[in-house]
Amino acid sequence: MSSDTARVAVVAGADERTGREIARQLAGRGLVVYLGAPDTERGRAAASELRAQGADVRFLHLDVTDEASAEFAAMRLDVEVGRLHVLVNHAGSARPPGAPGGTRAGQARRAYESRVLGVIAVTDALLPLLRKAESARIVNIGGPAGPAGSTLAYGTTLAYGAAEAALRAVTDAYADELRGTAVSVTVIAGACVPGTSGIPDIELTIP
């Protein structure tokens, strides 16, 4: 299938283990996958590894904490493929350790920059391309929900838990805006969805 007719996916944070596996699953289902990563060396190595397995995977420089990086990525995609069918926001999903009482403001700031502001920056930059597809989906990879009644769900640390709650609020806001369009928005809990070793079953992200 040529790039002119294939479905296209972007996986942000795909140089990490789970993101790389998501990219592999999507490519295995026939999508052209742009492997988004901020580190060029790591990103190219991950893309080369998947290409060696027969996947159509291309490195895409994408630093979710840099709006300009997201905008440049969108411009490249517009030139090369002209539309986007799947956006997976996975960057910054690692959980930092630490009890709430010992959390520094900088830890929370870093978690928000990648898990919340990064999702907004990437989604905002790529949404015009998603709207060009006949059917598209935005998938934000989150963590498991906390216990019922918990005031700090989605994680055991203050920085990560607060960012996860905000991620779900951002997801709901985009879902409300895009309801009735060809673009759907959802959160997949990385440790709760069927898959291997906690890796999400990306079949749920195929539009």
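## A walk through the sheet and its helices

Ser114 is a buried residue, its relative accessible area being 14%. That value falls below the 20% under which a residue is called buried, and this is why Ser114 gets the label. Ser114 belongs to helix α4, and its side chain reaches back to the backbone oxygen of Ala111 at a distance of 3.4 Å. Please keep in mind as we go that this is a predicted model.

From this one serine, let us step back to the whole chain. The protein chain has 207 residues, and 47% of them count as buried. Its secondary structure amounts to 5 helices and 6 strands. If you follow the sequence from start to end, these elements come in the pattern β-α-β-α-β-α-β-α-β-α-β. About 9,500 Å² of the protein chain is exposed, with carbon and sulfur atoms supplying 52% of that area. Among contacts with a separation of 6 or more, 70% join residues that are 24 or more positions apart.

Now to the sheet. The 6 strands make an open sheet with parallel pairing, and reading across it gives the order β3-β2-β1-β4-β5-β6. At the edges you will find β3, residues 57-61, and β6, residues 183-189, each of which pairs on one side only. From one strand to the next, the twist averages 20°.

Helix α4, which spans residues 105-131 and is home to Ser114, packs on this sheet. The helix touches β1 (8-12), β4, β5 and β6, and its direction makes about 175° with that of β4.

Strand β4 is a good place to pause. What are its partners on either side? With β1, strand β4 pairs in the parallel sense over 4 bridges, and one register point to look for is Ala12, whose bridge partner in β4 is Asn89. With β5 (residues 136-142), β4 (residues 86-89) again pairs in the parallel sense, over 4 bridges. Here Val86 has Arg137 as its bridge partner in β5, while Leu87 stands opposite Ile138 of β5.

In a regular strand, side chains alternate between the two faces of the sheet. With that in mind, look at how β4 is covered on both faces: Val86 and Val88 are buried on one side, and Leu87 and Asn89 are buried on the other.

Moving one strand further along, β5 is mostly covered too, with 6 of its 7 residues buried. Beyond the pairing with β4, β5 pairs with β6 in the parallel sense over 7 bridges. To find the register on that side, look for Gly142, which has Ala189 as its bridge partner in β6.

Just ahead of β4 there is a loop that deserves a visit. Arg83 sits there, in the loop between α3 (67-80) and β4. Is this arginine buried or exposed? Arg83 counts as buried because its relative accessibility is 13%, which is under the 20% cut-off. Its side chain has backbone oxygens to meet: a polar atom of the Arg83 side chain lies 2.5 Å from the backbone oxygen of Ala6, and the side chain also reaches the backbone oxygen of Val81 at 2.7 Å.

Glu80 offers a contrasting setting. This residue is found in helix α3, and with a relative accessibility of 37% it counts as partly exposed. The side chain of Glu80 makes a polar contact of 2.9 Å with the side chain of Arg76. Leaving aside neighbours within four places in sequence, Glu80 is in contact with Tyr34 and Arg58. Arg58 falls within the residue range of the edge strand β3 (57-61).

Our last stop is a pair of helices. How do α1 and α2 meet? The axes of α1 (residues 17-28) and α2 (residues 40-51) come within 11 Å and cross at roughly 35°, and the crossing is right-handed. On the α1 side, the contact is made by Arg20, Ala23 and Arg24; on the α2 side, Ala46, Glu49 and Leu50 contribute.

Key:
Residues are numbered from 1 along each chain as its sequence is written. This is a predicted model: local features need pLDDT of at least 70, side-chain atom pairs count only at pLDDT 80 or more; totals for chains, interfaces and linings use all residues. Side-chain values use heavy atoms; hydrogens and water are left out. Two strands pair if DSSP finds at least two bridges between them. Helices (H or I, at least four residues) and strands (E, at least two) are DSSP runs, numbered from the N terminus. Axes are lines fitted to C-alpha atoms, for helices over the stretch in contact, and angles run from 0 to 180 degrees between N-to-C directions. Contact means heavy atoms within 4.5 Å. Buried means under 20% relative accessible area, exposed over 50%, partly exposed in between (1.4 Å probe, protein chains only). Accessible areas come from the Shrake-Rupley method with a 1.4 Å probe; for residues, only the protein chains shown count as cover. A polar contact is a pair of N or O atoms within 3.5 Å; within protein, one must be able to donate a hydrogen and the other to accept it, and residues adjacent in sequence count only if both atoms are side-chain atoms. A crossing is left-handed if the near helix is turned anticlockwise from the far one by less than a right angle, and right-handed if clockwise.
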